[in-house]
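Here's a quick tour of a two-chain model. Have the sequence and the 3D view open as you read.

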Amino acid sequence: MQDRKCVALYDVVIILLLTIASVAFIIVRASDNTSDLQIEVRKDGQTVYTAHLNDVDKAYKIQVDEEYGIELLIEQDGVSVLRSNCSDKICVNTGKISRSGQTIVCLPARVAVEIKPNIINDNDVLDGVVQ
Amino acid sequence: MRTADTYTFARTAMLASTAAVLSVIEGMLPELPVPGARLGLANLPVMTAVSTMSLGSGLCVALFKAFIALITRGPVAGAMSLSGSVLSTLVMWAVISFDRNKLGFVGIGVLGAVSHNMGQFAVSLFIIGAAVDFYLPYLIIMAVFTGAFIGFVNSIIVPVLFRANKKYLKNKGEQR
């Protein structure tokens, strides 16, 4: 341990690899500019609420978790957690999310709010064909 | 495992209390731009313990740190801290033991910080299911910075501790 260097060559390699990989991930995701988005709220891994952002005319509030009193504000351009009784308030501090892939997570309440691209599921397509 | 001598025992306890103080100080710092991210200053004593003593000492400091998180920030923070710091301790110990000094302190700090994130990521996946991966690249970039900083500080602390250790052993020899 005593003859260990402060910074070695391999350290630089590790730092560069991690940084490049992360930045690449961020860039790839930022280039995804889907405008047809839906939000999905999950509690304990189960979907409890979904909404299409394009269908939102007027901003509205919903309560998604009684235990922690989590209140969401759903607007046309995104969703945010207005209130929560959890201790760390990370969910409230996350602010408004508006892009595909972004999430708000409240770990104490085991609630996740995610924005996803609006994928038309197979049933809708079949209905369309029948009509 | 052999029983620790008084010196190791006292030093582990001292590093554990340092971790507790750093974790409280960290809680008073302003919020970071990435939600839920923390500087990870309290990982420094863990790294010092692993690099100057043993895996056991490092794990003791990590467990104490998780206990402090549990009583000051609640069960979720406790579980996150526990998983993160235990994984990070194991990774840092493995690197220190098996890399034949190929890595520097900074590299170990970075690996420790990133594995801390991974441990926490695994717990949040377990608690909530998917959908927590959005901030992971941001967290890793932050971990690279804070890990490098912690490794740098540790590269100053460790030689001092080794010198103190040598002095102690010498004095002990003279007394006999």
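In which sense do S4(A) and strand S5 (residues 78-83) of chain A pair, and over how many bridges? They pair in the antiparallel sense, over five bridges. Pairing here asks for at least two DSSP bridges between the strands. A hairpin of two residues takes the chain from S4(A) to S5(A), and A:Leu72 sits opposite A:Val81 of S5(A).

A word on ground rules before going on. This is a predicted model, so local features need pLDDT of at least 70 and side-chain atom pairs count only at pLDDT 80 or more, while totals for chains, interfaces and linings use all residues. Residues are numbered from 1 along each chain as its sequence is written, with chains lettered from A and ligands numbered from 1 in the order in which they are written.

**Strands in chain A**

On its other pairing, S4 (residues 70-75) of chain A runs antiparallel to strand S3 (residues 60-65) of chain A, and five bridges join them. A:Asp65 has A:Ile70 of S4(A) as its bridge partner. The hairpin of S3(A) and S4(A) has four residues between the strands, and in it A:Gly69 takes a positive phi near 55°.

Further along, A:Pro117 belongs to strand S7 (residues 111-117) of chain A. Is A:Pro117 buried or exposed? It's exposed, because just 12 other C-beta atoms lie within 10 Å. The cut-offs, with C-beta atoms placed from the backbone, are 20 or more other C-beta atoms within 10 Å for buried, 12 or fewer for exposed, and partly exposed in between. From A:Pro117 to A:Tyr60 you count 57 residues in sequence and 21 Å in space, C-alpha to C-alpha.

**The two chains side by side**

Helices (H or I, at least four residues) and strands (E, at least two) are DSSP runs numbered from the N terminus. A contact means two C-beta atoms, placed from the backbone, within 7 Å. The last column takes contacts between residues at least 6 apart in sequence and gives the share that join residues at least 24 apart.

| Chain | Helices and strands | Pattern | Buried | Contacts at least 24 apart |
|---|---|---|---|---|
| A | three helices, seven strands | α-β-β-β-β-β-α-β-β-α | 27% of 131 residues | 31% |
| B | six helices, zero strands | α-α-α-α-α-α | 48% of 176 residues | 73% |

**Where they meet**

How many residues of chain B are in contact with chain A? There are 36, and they touch 33 residues of chain A. On the chain B side, helix H4 (75-98), helix H5 (105-128) and helix H6 (136-175) each supply at least two residues. H6(B) gives the most, with ten residues. By class, that side of chain B has 24 nonpolar, nine polar and three charged residues. Nonpolar covers Ala, Val, Leu, Ile, Met, Phe, Trp, Tyr, Cys and Pro; charged covers Asp, Glu, Lys and Arg; the others, Gly among them, are polar.

**The core**

Nonpolar side chains tend to be buried together in soluble globular proteins. A nonpolar core here is a set of buried Ala, Val, Leu, Ile, Met, Phe, Trp, Tyr and Cys residues joined through C-beta atoms within 7 Å. The largest one has 68 residues, and those with the most contacts inside it are A:Ile70, A:Cys106, B:Ala19, B:Val61, B:Met92 and B:Val110. H4(B) gives the most to this core, with ten residues.

Take B:Val61: leaving out residues up to four places away in sequence, B:Val61 touches B:Thr12, B:Leu15, B:Ala16, B:Ala19, B:Pro45, B:Val46 and B:Ala49.
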